[in-house]
Amino acid sequence: MTTRLALQMTGISKSFPGVKALQDVSLEVRPGEVHAIVGENGAGKSTLMKILAGTYQPDAGSIELNGDVVSHWSARAAIERGIGMIYQELNLIPDLSVSENISLARIPRRGPFANFAAMTAHATAVLEELEADIDPGARLSDLSISQQQLVEIAKVVAERPAVVVFDEPTSSLGDRETRILFDVIRRMRESGIAVIYISHRIQEVLEIGDRVTVLRDGRHIETRDVEGITPDEMVRLMVGRSLGEMFPKLDLEPGEPVLEVDSISSEGLFADISFDVRECEIVGLAGLVGAGRTEVARALFGLERIDSGSVKVNGRRVNARNPRRALAAGIALVPEDRQRQGTIPQLSVRENFTLPVIKRVTRWLLIALGKERSVVADLADKLKVNPPLVERAISSFSGGNQQKVVLGKWFLAKPSLLILDEPTRGVDVGAKSDIHAIIGEFARDRGAVLMISSELPELLAVCDRVFVLHEGEMTAMIPRGEADEESVMRAATGQVTA
């Protein structure tokens with residue numbers, strides 16, 4: 001007997017001006033199945049899911065839910081038919097409370113007024129189910145990125161959908177939150193909910209997935225059971241290259257110190273932090289969520305105060321009270337949240353590229369478009385921005401290509417020190433390889449790199465040294481030859497002292 005499919009998408013095609021995003025793609029998802037979708041940025045994963053969510057209309061193809069063909073598909077119809085979407089980029093309102101965000105789709109009412117007591121009770125129940133220690137009355141913007149991601153998940157779980165799409169749900173989560181999420185997904189599977197799981201983290205797919213569909217260049221490559229697939233095999237299916245080719249490490253000879261941090265402290269954030277970064281060197285900053293890594297990076301860029309200690313760049317003492325001073329001293333920051341802090345989504349790729357160097361392409365108070373376009377076209381080609389349509393809004397590009405633009409704009413500014421906070425968050429293995437090559441080129445040109453990443457394999461692959469934080473304090477400095485996941489995690493959990 002044939003099991004009825006929870007979802008069947010058949011022959012889906014979609015084109016945008018100059019781009020064929022999807023070509024005859026089909027997807028079948030069973031009830032009670034975790035179906036992973038993998039592929040490089042630009043492979044068509046997000047476009048396919050936006051069609052499922054009703055955001056885009058397909059040029060060709062059909063959608064069936066539980067055996068019924070759906071027509072006049074829209075975002076509202078998708079929600080009403082039980083499609084729940086958890087996007088990589090948060091779809092929440094910062095100035096509302098946690099409980100208000102969770103109840104956005106269905107606000108409980110008492111007569112004509114919102115029933116805030118019911119709203120709070122509903123949010124509390126959902127957050128307890130997720131084991132999320134979050135105050136329902138807290139304003140969303142006061143929460144960390146990982147907490148906001150849990151609120152996003154809670155908002156969808158609260159609707160009890162029949163099909164749930166998770167698009168890079170762990171990109172901002174720590175290990176504990178990821179384990180909680182996986183427990184939630186397993187309970188969904190046990191209750192018969194169809195789960196679509198999109199992730200660039202191959203080990204997650206191998207752990208949580210039942211079947212996997214591989215997309216490449218807008219085409220369906222293969223669908224098969226996850227059991228028996230090796231990480232290297234999955235990478236080859238996705239990008240046509242083996243895992244060992246993805247992250248080659250440049251062997252560079254470190255030069256003079258570019259950044260010297262001596263005993264800096266910021267009350268309530270971190271204390272007595274000391275380290276250095278030299279020319280042609282990539283230094284990692286590791287630690288668990290909440291260890292103070294991002295706070296140290298923000299302080300060096302003038303976004304958090306430094307109460308004591310000193311910072312030197314190229315031998316000169318720096319008092320970076322704001323980003324303008326930090327930039328003048330030669331410090332650049334690629335923030336963790338590229339959408340809200342790294343780009344201006346409504347501007348084009350060209351305009352985002354030249355934001356830090358606008359004076360360089362300005363003549364008589366007017367932007368010299370010819371000069372700007374020439375500079376940007378060369379840079380987009382060099383960084384492999386795909387598609388190379390620099391006049392399109394950056395929000396229409398994949399996460400990996402957006403991140404290349406965020407990195408590229410600092411190439412134009414030519415800083416001495418490049419601080420990277422989760423530079424490959426939510427980015428596929430192919431784009432990661434491109435981004436690591438960009439970082440390596442910056443270091444090769446005598447730049448210094450300070451890199452924060454929650455993915456230990458990434459830090460261990462590209463960094464010359466790794467400094468480890470635990471609860472706002474430095475616990476270890478581990479040279480490349482001695483660094484492994486065990487030694488870093490031991491320091492990150494406070495089991496050793498520097």
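# Exercises on strand pairing, burial and a surface patch

Strand E1 (residues 7-16) pairs with strand E4 (residues 60-65) over five bridges, in the antiparallel sense. The model is predicted: local features need pLDDT of at least 70 and side-chain atom pairs count only at pLDDT 80 or more, while totals for chains, interfaces and linings use all residues. Residues are numbered from 1 along each chain as its sequence is written, and side-chain values use heavy atoms, without hydrogens and water.

Strands (E, at least two residues) and helices (H or I, at least four) are DSSP runs numbered from the N terminus. Two strands pair if DSSP finds at least two bridges between them.

**Exercise 1.** Place E1 and E4 in their sheet, and state which strands stand at the edges.

Solution.
1. Gln8 has Glu64 in E4 as its bridge partner.
2. The sheet is open, has four strands in the order E2-E1-E4-E5, and pairs antiparallel.
3. Strand E2 (19-29) and strand E5 (68-69) stand at the edges; each has a single partner strand, so one side of each lacks a neighbour in the sheet.
4. Helix H1 (residues 45-52) lies across E1, E2 and E4 and runs at about 115° to E1. Such angles run from 0 to 180 degrees between N-to-C directions, with axes fitted to C-alpha atoms, for helices over the stretch in contact (heavy atoms within 4.5 Å).

**Exercise 2.** Trace the pairing around strand E21 (residues 417-421) and strand E22 (residues 448-452), and determine whether their residues are buried or exposed.

Solution.
1. E21 and E22 run parallel and are joined by five bridges. Leu418 has Val449 as its bridge partner in E22, and Ile419 stands opposite Leu450.
2. Strand E18 (residues 331-334) pairs with E21 in the parallel sense over four bridges, with Ala332 opposite Leu418.
3. Strand E15 (residues 281-286) pairs with E22, also parallel, over five bridges, and Ile282 stands opposite Val449.
4. Buried means under 20% relative accessible area, exposed over 50%, and partly exposed in between (1.4 Å probe, protein chains only).
5. In E21, Leu417, Ile419 and Asp421 on one side and Leu418 and Leu420 on the other are all buried.
6. Five of the five residues of E22 are buried, so this strand is largely enclosed by the rest of the structure. Ala448, Leu450 and Ile452 point one way, and Val449 and Met451 the other.

**Exercise 3.** Classify Leu369 by its accessibility, and name its helix.

Solution.
1. Leu369 lies in helix H13 (residues 369-382).
2. Its relative accessibility is 36%, so Leu369 counts as partly exposed.
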